[in-house]
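Biologist: I would like to learn how to read a structure like this one. Could you walk me through it?

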Amino acid sequence: MAQDPTASQRYRLPSLSDKSVLARLATIGVVILAVVACFAYVAGWLSPARLSQARLIDRFQQVDGIHLGFRRNHAKGVCVTGSFESNGQGVRLSKAAVFASGRVPVEGRFSLAGGNPGMPDGPTDVRALGLRFQPATGEEWRTAMIDIPVFIVKEPEAFYEQLLASKPDPATGKPDPAKMAAFSAAHPEFGPAIKIIMSSPFSSGFANERYNALNAFRFINAAGVVTPVRWSMIPTELFAPEDPEQAKSGDKNYLFDALVARIARGPLQWHLVVTIGQPGDVTDNATIPWPADREQVDVGVLTIDRAETEALGNCRDINFDPLVLPSGIEPSDDPLLSARSAAYSESFTRREGETKSPSPVQVPVTGKGS
Ligand code: HEM
């Protein structure tokens with residue numbers, strides 16, 4: 001009877017004393033090390049000073065504290081739903097399904113900038129609107145817009161530094177002027193951007209405010225033509241300036257309460273207006289506005305007809321990542337875009353894994369707007 005072959009005979013394992021085998025094993029080891037090094041580099045372990053999404057989100061937490069289950073920025077908010085009725089005028093600029101004539105459902109969220117969900121509403125708080133367009137093709141479009149006309153810095157590193165420089169000093173409740181002066185001196189775009197922002201008045205509420213995407217994007221139409229664009233949501237409600245007396249009403253949620261009450265009385269609408277950039281217009285610096293005479297195309301109307309308290313499965317669990325784009329819309333070379341996408345993802349991952357507390361903004365469960 002034949003004897004059982006040894007393992008090395010059965011599988012023809014080479015001998016470890018063979019030099020060519022050792023050389024091959026060494027090569028495999030080097031490849032594995034290189035792969036590990038690549039992962040370590042991408043994760044930022046080799047350069048702890050490099051700005052990563054984790055460090056960005058740690059900075060929000062350092063400034064505003066950790067509020068379990070809430071967004072690390074724009075923590076205070078309310079969910080809304082409605083639709084977008086495209087008029088077809090966007091088709092010449094972009095092949096995205098959302099611009100074909102017709103209506104698509106929309107989910108959204110109004111919010112205030114800042115990482116504390118319990119912050120009181122205030123006259124100069126930055127208001128925001130995140131939207132998720134859901135055309136039947138499944139090619140979603142998400143956008144997150146704010147009500148200031150330009151962003152305050154052009155690069156993510158500067159935003160990271162500005163968050164700390166503008167952290168209120170516990171003694172005064174205001175940012176330390178010396179730290180702000182040093183920040184401003186190191187970031188020459190900051191001063192002019194603040195000037196532009198201060199010269200553009202805040203409206204009296206969420207409903208009559210204009211929301212701007214600020215970062216440039218690229219629209220691509222069916223013929224492959226690329227157009228640099230920025231977009232804004234322009235309200236149909238009449239503008240009224242912010243009244244500082246409102247903040248003294250004692251209602252910490254006066255802006256949100258007015259929005260919810262307004263939606264309960266009837267739908268709110270905004271025009272989606274696309275501004276077309278010309279050669280030479282900056283696309284990588286959101287602190288610089290494009291010249292006022294640039295062509296603007298009204299591509300349709302957003303209708304918001306329902307408000308809802310943040311809860312499981314509604315806008316609370318959406319990440320309004322500005323890089324969730326359909327075919328026909330692409331990012332520009334603006335460095336803020338990829339940083340935003342990475343930071344929103346980190347914030348989303350942290351908050352989704354945490355115990356949730358009720359949102360300070362509660363929509364009454366009865367009535368049309370609930
Ligand atoms: C480097 C720059 C920026 C950083 C690091 C940053 C960071 C963040 C983070 C962490 C969130 C919370 C995300 C989540 O948990 O879902 C957020 C929300 C938001 N951001 Fe930014 N942001 C930046 C710039 C901007 C700009 C330029 C705009 C507007 C044009 C903007 C508009 C918004 C809006 C509207 C929301 C709230 C979206 C929602 O309701 O979920 N952000 N941001």
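**Reading the ligand site and its helix**

Modeller: Happy to. An oxygen atom of the ligand is 2.7 Å from an N or O atom in the side chain of Arg 109. Keep in mind that this is a predicted model.

Biologist: Which side chain has an N or O atom 2.5 Å from an oxygen atom of the ligand?

Modeller: That is Arg 71. There is also a nitrogen atom of the ligand that is 3.4 Å from an N or O atom in the side chain of Arg 340. Such pairs are read as polar contacts because the two N or O atoms are within 3.5 Å.

Biologist: Which residues come nearest to the ligand?

Modeller: There are 26 residues around the ligand, and those that come nearest are Arg 71, Arg 109, Tyr 344, Ser 347 and Arg 351.

Biologist: Which elements supply at least two residues each to the shell?

Modeller: They are H3, strand E2 (102-112), E4 and H8. H8 gives the most, with 7 residues.

Biologist: How do I read the iron atom, and what is its donor from the protein?

Modeller: Start with the distance: an N, O or S atom counts as a donor here if it is within 2.8 Å of the metal, and sites may look incomplete because water is not among the atoms. In this case the iron atom of the ligand has a single donor from the protein, the OH of Tyr 344, 2.2 Å away. Tyr 344 is itself part of helix H8, which covers residues 335-352.

Biologist: How many residues does H8 have, and what span is expected?

Modeller: The general idea is to compare the distance between the end C-alpha atoms with 1.5 Å a residue. H8 has 18 residues and reaches 26 Å from its first C-alpha to its last, close to the expected 26 Å. At its N-terminal end, Asp 334 acts as a cap, with a side-chain oxygen 2.8 Å from the backbone nitrogen of Leu 336.

Biologist: Which residues of H8 are buried, and what covers them?

Modeller: Among the buried ones are Leu 336, Ala 339, Arg 340, Ser 347 and Arg 351. Their cover includes helices H3 (53-64) and H4 (156-165), together with strands E4 (141-146), E6 (217-220) and E10 (329-331).

Biologist: Now for a loop. Where is Asp 281, and why is it called buried?

Modeller: Asp 281 sits in the loop between strand E8 (268-276) and strand E9 (296-308). Asp 281 is called buried because its relative accessible area is 13%, and the cut-off for buried is under 20%. A polar atom of the Asp 281 side chain lies 2.7 Å from the backbone nitrogen of Gln 278. Setting aside residues up to four places away in sequence, Asp 281 touches Trp 290, Pro 291 and Arg 294.

Biologist: And Val 365, is that residue buried or exposed?

Modeller: Val 365 is exposed, with a relative accessible area of 79%. The residue lies in the segment after H8. Its C-alpha atom is separated by 8.3 Å from that of Glu 308, although the two residues are 57 apart along the chain.

Biologist: How should I read the chain as a whole?

Modeller: Begin with the elements: the protein chain has 8 helices and 10 strands. Of its 370 residues, 46% count as buried. Then look at contacts between residues at least 6 apart in sequence: 75% of them join residues at least 24 apart. The exposed area is about 18,500 Å², with carbon and sulfur atoms supplying 60% of it.

Terms used. Residues numbered from 1 in each chain as written. Predicted model: local features only at pLDDT ≥ 70, side-chain atom pairs only at ≥ 80, totals over all residues. Heavy atoms only, no water. Donors = N, O, S within 2.8 Å, 3.2 Å for Na, K, Ca; no water. Helix = DSSP H or I, 4+ residues; strand = E, 2+ residues; numbered from the N terminus. Expected span 1.5 Å × (residues − 1). Buried < 20%, exposed > 50% of the residue type's maximum accessible area, 1.4 Å probe, protein only. Contact = heavy atoms within 4.5 Å. Polar contact = N/O pair within 3.5 Å; in protein donor to acceptor, adjacent residues only side chain to side chain. Areas by Shrake-Rupley, 256 points an atom, 1.4 Å probe, with all protein chains shown as cover. Near = heavy atom within 4 Å.
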